[in-house]
Amino acid sequence: DDFRDRAIIVNLPTIPEEKRKDEKTFWQEFEQAQPKILGALLDIVSTALKNLPLVRLDTLPRMADFAKWIVSAEPALEWQEGSFLEAYCGNREAAVEIGIEASPIAQAVIALREPMESDWEGTATELLEKLENYASDKISGTKAWPKNSQTLSNKLRRLAPSLRTVGYPIEFDIREGHSRKRKLRIKKDDEKTDRR
């Protein structure tokens, strides 16, 4: 999930049959275009270097320096101001959704927490018991499903950034009073969950 949050996901269209090329033709055309491509890249870098000190973002996204660099290059790319950040944030949201949809644990956490009025709090062992009610026998019998509380806790730590993004922040290692039990707390951010 952390890697996915730092990635840019690109879905390329299928090349229609009439536009496909053999490798020899592709490389010949690339060699002809190469000087223009290099010139365009140098123009972009030059514009970015000139504008970078002037870029001020209202909020810094993950990979802030990367975002500032591309925003500073927007004029040379002939993009409207702010279009990169809009696309980048949309791409990150899509990546988070992919991670949530692919994780039976994340799906179970959301199903458990969604109808509740107050925060869920308990140990990882208690949470594993609860989550098993939201996982089918088919899912709970796979390697993707944790077999013990330690494995669940480790998986939740990796899922925490994605769950927080969609409105289900998890707090770890909560200890109250003299209790030696470490608890988890799953909250719900209604503002974020309403946007899903």
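Me: Why is K21 called partly exposed?
Reply: K21 has a relative accessible area of 48%. Buried means under 20%, exposed over 50%, and partly exposed lies in between (1.4 Å probe, protein chains only). K21 therefore falls in the middle class, since 48% is neither under 20% nor over 50%. This is a predicted model, in which local features need pLDDT of at least 70, side-chain atom pairs count only at pLDDT 80 or more, and totals for chains, interfaces and linings use all residues. Residues are numbered from 1 along each chain as its sequence is written, and side-chain values use heavy atoms, with hydrogens and water left out.

Me: What makes the pair of E29 and K21 a salt bridge?
Reply: The closest N and O atoms of E29 and K21 are 2.4 Å apart. A salt bridge is a side-chain nitrogen of Lys or Arg within 4 Å of a carboxyl oxygen of Asp or Glu, so 2.4 Å qualifies. E29 is itself partly exposed, at 36%. The structure holds 8 salt bridges.

Me: How do you know whether R113 is buried or exposed?
Reply: R113 has a relative accessible area of 2%, so it counts as buried. R113 forms a salt bridge with D119, with the closest N and O atoms 3.6 Å apart. D119 is partly exposed, with a relative accessible area of 36%.

Me: Which parts of the chain does the pair of K188 and E114 link?
Reply: K188 forms a salt bridge with E114, and their closest N and O atoms are 3.3 Å apart. This pair links distant parts of the chain: K188 lies in the loop between strand 3 and helix 9, and E114 in the loop between helix 5 (104–113) and strand 1, 74 residues apart. Helices (H or I, at least four residues) and strands (E, at least two) are DSSP runs, numbered from the N terminus. K188 counts as partly exposed at 22%, and E114 counts as partly exposed at 36%. E121, E171, R185 and K187 are joined into one network by salt bridges that share partners.

Me: What makes strand 1 and strand 3 a pair?
Reply: Strand 1 (residues 120–122) and strand 3 (residues 183–186) share 3 bridges in the antiparallel sense. Two strands pair if DSSP finds at least two bridges between them, so 3 bridges are enough. In this pair G122 stands opposite L184 in strand 3. Strand 2 (residues 170–174) also runs antiparallel to strand 3, joined to it by 3 bridges. There I170 stands opposite I186.

Me: Why is T47 called buried?
Reply: T47 has a relative accessible area of 17%, so it is classed as buried. T47 is found in helix 2. Leaving aside its neighbours within four places in sequence, T47 is in contact (heavy atoms within 4.5 Å) with S72, P75 and A76.

Me: Is V10 buried or exposed, and what makes it so?
Reply: V10 counts as exposed because its relative accessibility is 56%. V10 sits in the loop between helix 1 (2–5) and helix 2.

Me: How do you know how confident the predictor is in this protein?
Reply: The mean pLDDT (the predictor's confidence in each residue, from 0 to 100) is 89 for the protein, and 97% of its residues reach 70 or more. Among the elements, helix 9 (residues 190–194) has the lowest mean pLDDT, 72, and helix 2 (residues 23–51) the highest, 97.
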